[in-house]
Amino acid sequence: MISNHLKSWLGRVLLALCLVMSEPHALAQSPDQVGPEDPPSIIQTPDPAASDADIQKRIAAIFQEIDSLKAVTVEVREGVVTLRGDVANAATANRAEQIALRLQGVVTVEDHMQRTLAVQDNVSPFLDSTSSRLKNFYRALPLYGVALAVFLLISLFGHLLASWKTFWRVLMPNPFLSELVAGAFRIIMLLIGLVVAMNFLGATAIMGTVLGGAGVIGIAVGFAVRDTLENYISSIMLSVRQPFRANEHVVIDEHEGKVVRLTSRSTVLMTLDGNHLRIPNSTVFKAVILNYTRNPERRFEFDLGVDATDDPVAAMQLGLDTLKELPFVLATPDPEAFIQTVGDSNIVLRFMGWVDQRKTNFAKARGLAISAAKDVLEEAGFTLPEPIYRLRFDNGPDLSVGNPAPAKPEPKPKSSVPVDTSEAADVKPDEHIDQKVAEERAGSKEGDLLDENRPVE
């Protein structure tokens, strides 16, 4: 008898083990837990195996607790729920249908409800909701006042501190950077005040949405105005680098003139013919800048041709002696000359000399040097060839048109000839453009980012 009971008990244990091994998840959940395949919003009936009557009773009890659904009747057969009665509008009918579908055991819902669309039924909920919102707003007015006061205090503090120019100039000597940082500080304090006020109102989620939208809009605007942003950033870099000073003679790409000022948008030049020129800072930042003022010594050069039968070395020496006698040509560095090219009928000589631009007008000095060298070579018997053209006619003789080469005179000693330099006194720099630049800088109230106290690049 005992062995039979033992066998029965062992058989039950083995059966239980087999069930656990075959369905390992069956014991992991209690009957009240919802499996991963079940909808997350199912309303449980009192008994998972409830009948149609239980489902009908449950739905009807729920509808009785909702004012807009009290007139709806429920009928359930084989899990199919049929809803009848009058509802105010389609939204209310859809709500009743969704509630019924959430009950476990419901297969589908048949909608036989009538939409009355009555004015009272549709307007009254709206009025009640509006009245409730107004009451809530009235009760929250003190909180709104506190949030607004905090926002204004923080914003006012940021505005006053950002307007304190002396404070920012002490932190950042560059006026453009100090203005930029002060403006950024004002915006940051405004955002901080807005975040604190939103936290007081419990609207941090709305604030996150607004900031996210502002970020997206900022990216879109950034792409749209990238040229303006590039120009703005170039202004910052130029104000830091200080590539030139006011009244310096510069060439920026193909634009030549004297610097009037550097603004937050453009570089202002006074051209050599007295015109006002604005160049965008983005162009200036990327351009090749030639500064004639930075080094006061400047070299001029010119070419003169002598006849192919003349002695080019003697002509170069005579020209150099003439340049050295000119008072505006610097002795150090020495003037130079060399043979540039040898043509069919002439030899081209290149002469070079240096002048001090602070005391000498470069263009006038170069012109007087050319005139003096040309005159002394001609007076010494050197021939400056003129162009010769030959015309050839079929069945006819060759005719030379132009200035035929003159007969060579007897050789003359190549000695230095005294040069009259009385006209050389009129080579002082033209100060008219400098005066116009000074008047422009004194008369305009436009900000200048050029700082004499900062080192130039």
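This report walks through a predicted model of one protein chain, from its overall make-up to single residues.

## The chain as a whole

The chain holds 13 helices and 13 strands. It has 457 residues, and 29% of them count as buried.

Many contacts link distant parts of the sequence. Take the contacts with a separation of 6 or more: residues 24 or more positions apart account for 67% of these.

## A three-stranded mixed sheet

Strands of a sheet pair through backbone hydrogen bonds, either parallel or antiparallel. One open sheet here has three strands, in the order β1-β2-β3. Its pairing is mixed. Strands β1 (72–77) and β3 (108–115) stand at the edges. Each has a single partner strand, so one side of each is left without a neighbour in the sheet. Neighbouring strands of this sheet are turned by 15 degrees against each other on average, direction ignored.

Now look at one pair. Strand β2 (residues 80–87) and β3 run parallel, joined by eight bridges. Across this pair, Val81 stands opposite Val109 in β3.

Two helices pack on this sheet. Helix α2 (residues 52–64) touches β1 and β2, and its direction makes about 165 degrees with that of β1. Helix α3 (residues 90–101) touches β2 and β3, and its direction makes about 155 degrees with that of β3.

## A five-stranded antiparallel sheet

Another open sheet has five strands, in the order β7-β6-β5-β4-β8. Here the pairing is antiparallel. The edge strands are β7 (276–280) and β8 (289–291), and each pairs on one side only. Neighbouring strands of this sheet are turned by 45 degrees against each other on average, again ignoring direction.

Inside the sheet, four bridges join strand β4 (residues 249–252) to strand β5 (residues 255–262). These two strands run antiparallel. Val251 stands opposite Glu256 in β5. Helix α13 (residues 432–443) packs on the sheet. It touches β5, β6 (266–270) and β7, and its direction makes about 30 degrees with that of β5.

## Two crossing helices

Helix α11 (residues 312–325) meets helix α12 (residues 362–379). Their axes come within 9 Å and cross at roughly 135 degrees. That angle falls outside the ranges for roughly parallel, antiparallel or perpendicular, so α11 and α12 are oblique to each other. Their crossing is right-handed.

Which residues of α11 and α12 meet? From α11 come Ala315, Leu318, Thr322 and Leu323. From α12 come Ala369, Ala372, Ala373, Val376 and Leu377. By class, this contact has eight nonpolar residues, one polar residue and no charged residues.

## Two residues up close

Leu330 is found in the loop between α11 and β10 (336–342). Its relative accessibility is 22%. Buried means under 20% and exposed means over 50%, so Leu330 counts as partly exposed. Leave aside its neighbours within four places in sequence, and Leu330 is in contact with Glu297, Pro335, Trp354, Val355 and Asp356. One of these, Val355, lies 25 residues from Leu330 along the chain, yet their C-alpha atoms are separated by 5.6 Å.

Val195 is found in helix α7 (residues 175–201). At 31% relative accessibility, Val195 also counts as partly exposed. Val195 and Ala147 are 48 residues apart along the chain, and their C-alpha atoms are separated by 9.9 Å.

Terms used
Residues are numbered from 1 along each chain as its sequence is written. This is a predicted model: local features need pLDDT of at least 70, side-chain atom pairs count only at pLDDT 80 or more; totals for chains, interfaces and linings use all residues. Side-chain values use heavy atoms; hydrogens and water are left out. Buried means under 20% relative accessible area, exposed over 50%, partly exposed in between (1.4 Å probe, protein chains only). Axes are lines fitted to C-alpha atoms, for helices over the stretch in contact, and angles run from 0 to 180 degrees between N-to-C directions. Angles under 35 degrees count as roughly parallel, over 145 as roughly antiparallel, 65 to 115 as roughly perpendicular and the rest as oblique. A crossing is left-handed if the near helix is turned anticlockwise from the far one by less than a right angle, and right-handed if clockwise. Contact means heavy atoms within 4.5 Å. Ala, Val, Leu, Ile, Met, Phe, Trp, Tyr, Cys and Pro count as nonpolar, Asp, Glu, Lys and Arg as charged, and the others, Gly among them, as polar. Two strands pair if DSSP finds at least two bridges between them.
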